[in-house]
Amino acid sequence: MFGSLLSDSAFAIAPIWRRLNRWGTAAVEINDRHIALWQPGASAAELAPLPAGLVVAGVPQKAAALGDLLGDLVLQAGLNLRSAAALLPSGQTEWRLLQQLPMAGPGEWLALLNKSETIDCWIELFAIADLELDFLEVAELAQLRALGIELGDPKAADCLLLDLQASASLFTFWQGGQPVYRHCMGPALGAGFMEELNGLLQRLEDGQKRLQQQPLWLVGSELLEPGLLAELQKSSKKELQLAPLATASSADPLTDAAFAGLIGTAQRIADG
């Protein structure tokens, strides 16, 4: 009897002890093509490719399978992680302008919203991976942090940003730290993408001549696709640049731009 009780207690205590013995936190991005982890201070991401259909348009479809794969990636990489912070795809969010709130200061407030069922799915898959979910962060906010731009800062420089993902791309014109124009586009590898992008940029420049000298900064994991950057630069009527991070995290500007969101979230983790 006592042996049985001790055995049952040991099984109950073991998972708790293992979790208490872990302390690391990493930023996690799960998109249509892969799972990526980036720890604060790292110079490269830990990557695991995903089978088609597990994530569609940045939305997890099978939380159990994704949770198992995330847990496997942590183990294979030899990471001692207790928790993680997840990037929410920018294309699944909306900007809302909020004014006249009881506690609001001068100026305008911005909020980012996400469908509750999507958030529930993220929470579930991290639980399956045996990781505590510290926080969820919209990729756009993390990318801005990596670029050294503070949300809502009226002194922030203008920024044209194109986030390239497998299923969709998101163009945003940032002015004074606020998104004054946002446009969802198809995948960068899709037909007609550059025609749409060139037309969009031309219309913006016709309305604001000063944007003619403003380069378009590229971020997003689709930059990892071989030859994509060169093809975009060749077909664009405007100067396209890899987004310059405020602090380089790797020796490769392409890696920094591709994982700008992950790096920005890892920075937030490091800052506490």
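The following questions and answers cover a sheet, a helix packed on it, and the empty spaces in this predicted model.

Trainee: In what order do the strands of the open five-stranded sheet stand?
Mentor: The pairing in this sheet is mixed. Neighbouring strands are turned against each other by 25 degrees on average, direction ignored. Read across the open sheet, the order is β12-β11-β10-β13-β14.

Trainee: Why is one side of β12 and of β14 left without a neighbour in the sheet?
Mentor: Strands of a sheet pair through backbone hydrogen bonds, either parallel or antiparallel. β12 (178–185) and β14 (240–242) each have a single partner strand, so one side of each stays without a neighbour, because both stand at the edges.

Trainee: How many bridges join β13 to β14, and which residue of β14 stands opposite Leu218?
Mentor: Strand β13 covers residues 216–219 and runs parallel to β14. The two are joined by three bridges. Opposite Leu218 in β14 stands Leu242.

Trainee: At about what angle does helix α5 run to β12?
Mentor: Helix α5 spans residues 193–207 and lies across β10 (159–164), β11 (169–175), β12 and β13. Its angle to β12 is about 155 degrees.

Trainee: Which helix gives the largest share of the lining of the second largest pocket?
Mentor: This pocket has a volume of about 200 Å³. Of its 15 lining residues, the closest to the centre are Gly41, Thr247, Ser249, Ile263 and Gln267. By class the lining has nine nonpolar, five polar and one charged residue. The largest share, five residues, comes from the helix at residues 260–271, α8.

Trainee: How many cavities of 30 Å³ or more are there, and which element gives the largest share of the lining of the largest cavity?
Mentor: The count is two cavities, and the largest has a volume of about 60 Å³. Of the 13 residues lining the largest cavity, the closest to its centre are Glu29, Gln143, Gln165, Ala258 and Gly261. Both α4 (139–147) and α8 supply at least two residues of this lining. The largest share, three residues, comes from α8.

Trainee: How many charged residues are in the lining of the second largest cavity?
Mentor: The second largest cavity holds about 30 Å³ of space. Its lining consists of Glu140, Gln143, Leu161, Asp163, Leu170 and Thr172, with at least two residues each from α4, β10 and β11. By class, two are nonpolar and two polar, and the charged residues number two.

Key. Residues numbered from 1 in each chain as written. Predicted model: local features only at pLDDT ≥ 70, side-chain atom pairs only at ≥ 80, totals over all residues. Heavy atoms only, no water. Pairing = 2+ DSSP bridges. Helix = DSSP H or I, 4+ residues; strand = E, 2+ residues; numbered from the N terminus. Axes fitted to C-alpha atoms, helices over the stretch in contact; angles between N-to-C directions. Contact = heavy atoms within 4.5 Å. 1 Å grid on protein atoms, 1.4 Å probe; cavity = no way out; pocket = protein on both sides within 12 Å on 5 of 7 lines; lining within 4 Å. Points joined across faces, edges and corners; volume = space filled by probe spheres on them. Nonpolar A, V, L, I, M, F, W, Y, C, P; charged D, E, K, R; others polar.
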